[in-house]
Amino acid sequence: MTEGFDFIIVGGGPSGCVIAARLAKSPARPSVLLLEAGGPNEDAAHLTGTERYEAEFREGSPLNWAYMTEPQVRGQKIDYSRGKGLGGSTAINFCGWVVGSSEDYDEWARLVGDDSFGWKNVRRCLQRIENFHDDVPVGFRERIAPSSEDHGVGGAVDLSYQKEWLPTTDDVFRAAEEVGLGINPDVNNGSPIGMGIGTACIYKGTRKIIFKQGVAVGVKVTSGPRFRARKEVIISGGAINSPQLLLLSGLGPEQELRKHGIPRVLDLPQIGRNLQDHCFSTAGIVIEKGSATTPPLQQSPSPMGWFQLPAVLSMRDMLRFFQAPTWKRKTVRHASWPQDSSDKAIWEAFSSNLRSSWHMAGTVTMGHNAQEACVDSSFNVIGMQNLRVADMSVCPLLPNNHTQSTAYIIGEIAAEKIVAEHGLNQVRAVL
Ligand SMILES: Cc1cc2nc3c(=O)[nH]c(=O)nc-3n(C[C@H](O)[C@H](O)[C@H](O)COP(=O)(O)OP(=O)(O)OC[C@H]3O[C@@H](n4cnc5c(N)ncnc54)[C@H](O)[C@@H]3O)c2cc1C
C-alpha cells in the first residue's frame with residue numbers, strides 16, 4: 001500500500017530538519033514525512049563532549065557514511081565523512097558556529113538573481129535560528145565584544161562561547177597584534193576578517209537535535225515501502241548523497257547515466273559536478289612545557305583567523321603568525337613545517353598534509369538554466385515538477401565559513417519559499 005503525505009523530505013540534516021519543522025508548524029499544518037537513512041540519534045553519548053568523536057569515527061560507526069576520496073595530489077585518500085542519522089553531519093561535527101562574510105551572500109544573490117540569498121535576508125534568517133548567549137569571560141571582554149544587535153535570541157540553536165578558555169588564548173591575540181593581523185571583536189557579524197573567537201553550538205556541554213517535535217522521523221524505505229507526496233518531494237541528503245540520489249533516480253549527465261545503465265529521466269549535465277570544499281593543511285609549533293597547562297582533549301575555543309589568500313600565501317601568513325615574538329620565546333620545535341621558505345617547499349608541506357574540512361558543497365548547484373545549473377533560486381530541479389533540492393549541494397559558491405550555519409540558512413529560505421508558494425500561512429490551505 002502507498003501512504004500519502006503532502007510533503008516528503010529525504011534527509012534529516014540541518015537543511016532537511018528546518019524545512020520539515022517549518023512546514024509542519026505552518027498554520028495550514030500539512031502532513032510532512034521526513035525520511036532519514038540513519039537512526040534517531042538520541043543516545044546521550046552521541047550528543048555530548050568527546051565520547052562522540054570516538055563513536056563517530058570508529059570503524060563501522062552507524063553515525064557516519066565513512067566516505068573516502070579518490071587519491072589526491074600526493075596519492076593520499078582523504079577522509080570524507082558525512083553524518084548519518086537525525087541531524088545529519090551536525091550530529092558528528094565539531095560544533096563550531098561561524099557565519100562567514102556578508103560579501104559571500106551578496107555574491108550568491110547576484111549570481112542567482114534573487115535577493116533572498118543576500119546578506120540582509122540571511123542576517124534575518126540567522127536571527128531566527130540563533131539563541132545567542134553572550135558569555136564571554138570577563139578577562140576577554142576587551143577583545144571579544146559581540147553586539148546584541150547582530151545576534152538572535154529565542155531560536156532553536158543555542159550558541160555560546162566555550163566555558164573554559166586555553167591559557168594560551170591571550171598569546172594568540174598578542175601574537176596576531178605583533179604581526180599586524182588585527183583583532184576582530186565578533187567574527188560572526190558578517191565581517192569575519194581578523195583574529196577572533198567563533199561561537200559553538202554546544203551550550204552547557206550538550207548539543208541538541210533540533211526541530212524533532214512535530215515531524216515524522218526514522219522511517220526506512222530501503223525494504224520496500226512507498227510513500228506518496230501530494231505536494232512535493234524535497235531532497236536534503238547533503239552535498240554527496242543528494243546528487244547520488246538524483247543520479248540513481250535517472251537525473252543527471254546523460255553519458256554518466258548511460259555508463260551505469262541507469263534509465264534517463266532528465267538530462268541535467270551539472271548534477272554531481274562543481275564539488276567545492278575547504279581544504280586545510282597543518283603546520284604548528286610545540287611550545288615549552290608549562291606555557292600551556294590544558295590537557296589536549298579539554299574543550300576550549302579555537303581562535304579563528306580568516307585571511308582571504310590562496311593556499312601558499314595563506315600558509316605563509318600562518319607561518320608568520322607562528323614566528324611572532326610571543327610564540328618565538330616559547331617555541332621548542334616546529335611541526336609539519338616546510339623545509340625552507342620557498343613557494344615550492346610551502347606547497348609541498350601544504351599538499352602533503354591536505355585534509356578536508358568536510359564542508360562539501362555545490363554538487364546540485366543553483367543558477368539560471370540547465371546548462372549551468374541544476375536548481376533555480378526557489379530550489380526547484382530545473383525541468384522537473386514537484387521536486388526540489390535544498391541543502392549544501394545547491395550553493396553556487398562556497399561561503400568562507402564553517403558551513404552548518406549556511407545549511408540552516410538554506411533550510412530557512414527554502415521553507416519560507418515553499419510556505420509562500422503553497423499558501424501554507426493560511427489555515428486549511430492544504431486539504
Ligand atoms: C566531521 C565533520 C565536522 C564538521 N564540523 C563542522 C563545524 O564544526 N562547524 C560547521 O559549521 N560545520 C561543520 N561541518 C559541516 C556541516 O556539518 C555540514 O556543512 C552540514 O551538516 C551540511 O548540512 P546538509 O543538510 O547539507 O547535509 P547533512 O548534514 O550531510 O545531512 C544529510 C542527511 O541526509 C541523510 N541522507 C542522505 N541520503 C539519504 C537517503 N537516500 N535517504 C534518506 N536519508 C538520506 C543523511 O544520512 C544525513 O543525515 C562538519 C562536517 C563533518 C562531516
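In this predicted model, the cover over the buried residues of helix α3 includes α4 (119–129). Helix α3 itself spans residues 102–112, and its buried residues are D104, Y105, W108 and V112. Seen down the axis of α3, these residues fall within an arc of 95°, so they line one face of the helix. An α-helix has 3.6 residues a turn, so residues three or four places apart point the same way. Helix α3 is followed by G113, which has a positive phi, near 65°.

Helix α4 also has a buried side. W119, V122, C125, L126 and I129 are buried in this helix. Their directions, viewed down the axis of α4, fall within an arc of 120°, so these residues too line one face. The face of α4 turned away from that buried side carries K120 and R124, both exposed. Several elements contribute to the cover over the buried residues of α4. They include α3, strand β6 (130–132), strand β7 (157–159) and helix α11. The covering is thus described from both helices: α4 is part of what covers α3, and α3 is part of what covers α4.

Helix α11 appears again around the ligand. The ligand is surrounded by 39 residues, and the closest are G11, G13, G88, G238 and H402. The elements that give two or more residues to this shell are α1 (14–24), α6 (238–248) and α11 (404–421). Helix α6 gives the most, with four residues. By residue class, the shell divides into 12 nonpolar, 23 polar and four charged residues.

The UniProt record, an unreviewed entry, lists a domain named "Glucose-methanol-choline oxidoreductase N-terminal" at residues 83–106 and 238–252. The two spans differ in their make-up. Residues 83–106 are 21% helix and 8% strand, and the end C-alpha atoms of this span lie 29 Å apart. Residues 238–252 are 73% helix and 13% strand, with end C-alpha atoms 16 Å apart.

The loop between β18 and β19 holds two residues with unusual backbone angles. Most residues other than glycine have a negative phi. W358 has a phi near 60°, a positive value in a residue other than glycine. This residue lies in the loop between β18 (355–356) and β19 (387–389). W358 is buried, because 21 other C-beta atoms lie within 10 Å, and the cut-off for burial is 20 or more. N386 also has a positive phi, near 60°, and is likewise not a glycine. N386 is placed in the loop between β18 and β19. With 14 other C-beta atoms within 10 Å, N386 is partly exposed.

Q385 belongs to the loop between β18 and β19 as well. Q385 is exposed, because just 7 other C-beta atoms lie within 10 Å and 12 or fewer count as exposed. The C-alpha atoms of Q385 and V233 are separated by 9.5 Å, although the two residues are 152 residues apart along the chain.

A second exposed glutamine lies in a helix. Q255 is found in helix α7, residues 254–259. Q255 is exposed, with 9 other C-beta atoms within 10 Å. Its C-alpha atom is separated by 8.9 Å from that of D267, which is 12 residues away along the chain.

Across the whole protein chain there are 11 helices and 19 strands. Of its 431 residues, 40% count as buried. Among contacts between residues at least 6 apart in sequence, 73% join residues at least 24 apart.

Confidence varies along the model. The mean pLDDT of the protein chain is 86, and 87% of its residues reach 70 or more. Over residues 209–220, pLDDT stays under 50; the model has 34 contacts beyond four places in sequence for this stretch. Residues 293–308 also have a pLDDT below 50, and this stretch has 35 contacts in the model beyond near neighbours in sequence.

How values were computed:
Residues numbered from 1 in each chain as written. Predicted model: local features only at pLDDT ≥ 70, side-chain atom pairs only at ≥ 80, totals over all residues. UniProt positions renumbered as here; feature names shortened; annotations may be inferred. Near = placed C-beta within 6 Å. Nonpolar A, V, L, I, M, F, W, Y, C, P; charged D, E, K, R; others polar. pLDDT = per-residue confidence, 0-100. Contact = placed C-beta atoms within 7 Å. Arc of directions from axis to C-beta.
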